[in-house]
Amino acid sequence: MTKKRLIWTVVVWVVLTLVNYYYTNFFILAFAWLGLTLTLFILTIIQLVKTIKERNTLTQFSIAKLLIFALLFILTLYRHKTNLAIEKVDWFILENKRNEIVEQVKNKELNPNVSWNGWVCELPFEFPVVSNGGNDIGISRNEENNGTTVTFWVFRNFFDSPSTHFVYSDDPEEIKRLNKKVTERPDDNWKIKENWYRKYGD
């Protein structure tokens, strides 16, 4: 393997990881993750065997190949940690865009607009991806206190499996519920900033 091919391998891995994070359907994701993990495991073993065989004539590039394949394998195997890192970068980059969307919801420029659900709003753009799984958001309005809650999907599961969300709320009742989740399961739920939360499950 040449240096150029190794660089392209890393580039393809980055692209696949981002595509899986933002676009891949939940049902396909498990198979894609398994296939990529097994492929990288096999490639790492091959590089390890070659390194052992060539231990008397090792070059820096040979060691670099082994380390890179091993690192890609570990980052893929522990997908949750990798996705969490992407999630943090994603929040930093798209925070302002999400705040703009929240203001549009508050001004009732964006409202639930799908026939199959009473709270989902399909955003009028595909990019940037501010809500994974189709750029849909959830909108809840509390008529009693004029509170608004806007839900952005970080990881969108289906059926009874829990999803992960970024949630904005100025509804005191919802904030109380979110703070309770943070207290009960702080590893999966936390307050990002004023009115903003990262939430796992319903």
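## Exercises on a predicted model: sheet, helices and buried residues

Strands β2 (residues 136–142) and β3 run antiparallel and are joined by 6 bridges. The model is predicted, and the exercises below start from this pair of strands.

### Exercise 1. The surroundings of β3

Task: Determine which strands pair with β3, and how many bridges join each of them to β3.

Solution.

Step 1. On one side the partner is β2, with 6 bridges in the antiparallel sense. Within this pairing, Gly 138 stands opposite Thr 151 of β3.

Step 2. The link between β2 and β3 is a hairpin with 4 residues between the strands. In its turn, Asn 146 has a positive phi of about 60°.

Step 3. Strand β4 (residues 164–169) is also joined to β3 by 6 bridges, and this pair too runs antiparallel. Thr 149 has Ser 169 in β4 as its bridge partner.

Step 4. The cover of β3 (residues 147–155) completes the description: 8 of its 9 residues are buried, so the strand is mostly covered.

### Exercise 2. The whole sheet

Task: Establish the order of the strands in the sheet and state which strands stand at the edges.

Solution.

Step 1. From β4, the pairing continues to strand β6 (residues 196–200) over 5 bridges, again antiparallel. Here Val 167 has Tyr 197 in β6 as its bridge partner.

Step 2. The sheet is open and contains 6 strands in the order β1-β2-β3-β4-β6-β5, with antiparallel pairing.

Step 3. The edge positions belong to β1 (120–122) and β5 (190–193). Each has a single partner strand, so one side of each lacks a neighbour in the sheet.

Step 4. Ignoring direction, neighbouring strands of this sheet are turned by 30° against each other on average.

Step 5. Helix α5 (residues 172–184) lies across β2, β3, β4, β5 and β6. Its direction makes an angle of about 55° with β6.

### Exercise 3. The packing of α1 and α3

Task: Describe how helix α1 packs with α3, and state which residues meet.

Solution.

Step 1. Two packed helices are described by the angle between their axes and by the distance between those axes.

Step 2. For α1 (residues 3–22) and α3, the angle is about 10° and the axes are 11 Å apart. The two helices are therefore roughly parallel, since angles under 35 degrees fall in that class.

Step 3. From α1, the residues in the contact are Lys 3, Leu 6, Thr 9, Val 10 and Trp 13. From α3, they are Phe 61, Lys 65, Ile 68, Phe 69, Leu 72, Leu 75 and Thr 76.

Step 4. Sorted by class, the contact of α1 with α3 comprises 8 nonpolar, 2 polar and 2 charged residues.

### Exercise 4. Three residues in helices

Task: Decide whether Leu 66, Thr 76 and Asn 20 are buried or exposed, and identify their contacts beyond four places in sequence.

Solution.

Step 1. The cut-off for a buried residue is under 20% relative accessible area.

Step 2. Leu 66 lies in helix α3 (residues 60–77). Its relative accessible area is 17%, so Leu 66 is buried. Beyond four places in sequence, Leu 66 is in contact with Thr 44, Gln 47, Leu 48 and Thr 51.

Step 3. Thr 76 also belongs to helix α3. Because its relative accessibility is 6%, Thr 76 counts as buried. With the same neighbours in sequence left aside, Thr 76 is in contact with Trp 13, Trp 33, Leu 36, Thr 37 and Leu 40.

Step 4. Asn 20 is placed in helix α1. At 17% relative accessibility, Asn 20 therefore counts as buried. Leu 29 and Ala 32 are its contacts when residues up to four places away are not counted.

### Exercise 5. The chain as a whole

Task: State the pattern of helices and strands along the chain and determine how spread out the chain is.

Solution.

Step 1. The chain has 5 helices and 6 strands. Along the sequence they follow the pattern α-α-α-α-β-β-β-β-α-β-β.

Step 2. The radius of gyration is 21 Å, whereas the globule rule gives 17 Å for 202 residues. The value is well over that of the rule, so the chain is more spread out than a compact globule.

Step 3. Along the principal axes, the C-alpha atoms fill a box of roughly 75 × 35 × 30 Å.

Step 4. Of the 202 residues, 39% are buried. Among contacts between residues at least 6 apart in sequence, 52% join residues at least 24 apart.

Definitions and conventions: Residues are numbered from 1 along each chain as its sequence is written. This is a predicted model: local features need pLDDT of at least 70, side-chain atom pairs count only at pLDDT 80 or more; totals for chains, interfaces and linings use all residues. Side-chain values use heavy atoms; hydrogens and water are left out. Buried means under 20% relative accessible area, exposed over 50%, partly exposed in between (1.4 Å probe, protein chains only). Contact means heavy atoms within 4.5 Å. Two strands pair if DSSP finds at least two bridges between them. Axes are lines fitted to C-alpha atoms, for helices over the stretch in contact, and angles run from 0 to 180 degrees between N-to-C directions. Angles under 35 degrees count as roughly parallel, over 145 as roughly antiparallel, 65 to 115 as roughly perpendicular and the rest as oblique. Ala, Val, Leu, Ile, Met, Phe, Trp, Tyr, Cys and Pro count as nonpolar, Asp, Glu, Lys and Arg as charged, and the others, Gly among them, as polar. The radius of gyration is taken over C-alpha atoms; the globule rule is 2.2 Å times the number of residues to the power 0.38.
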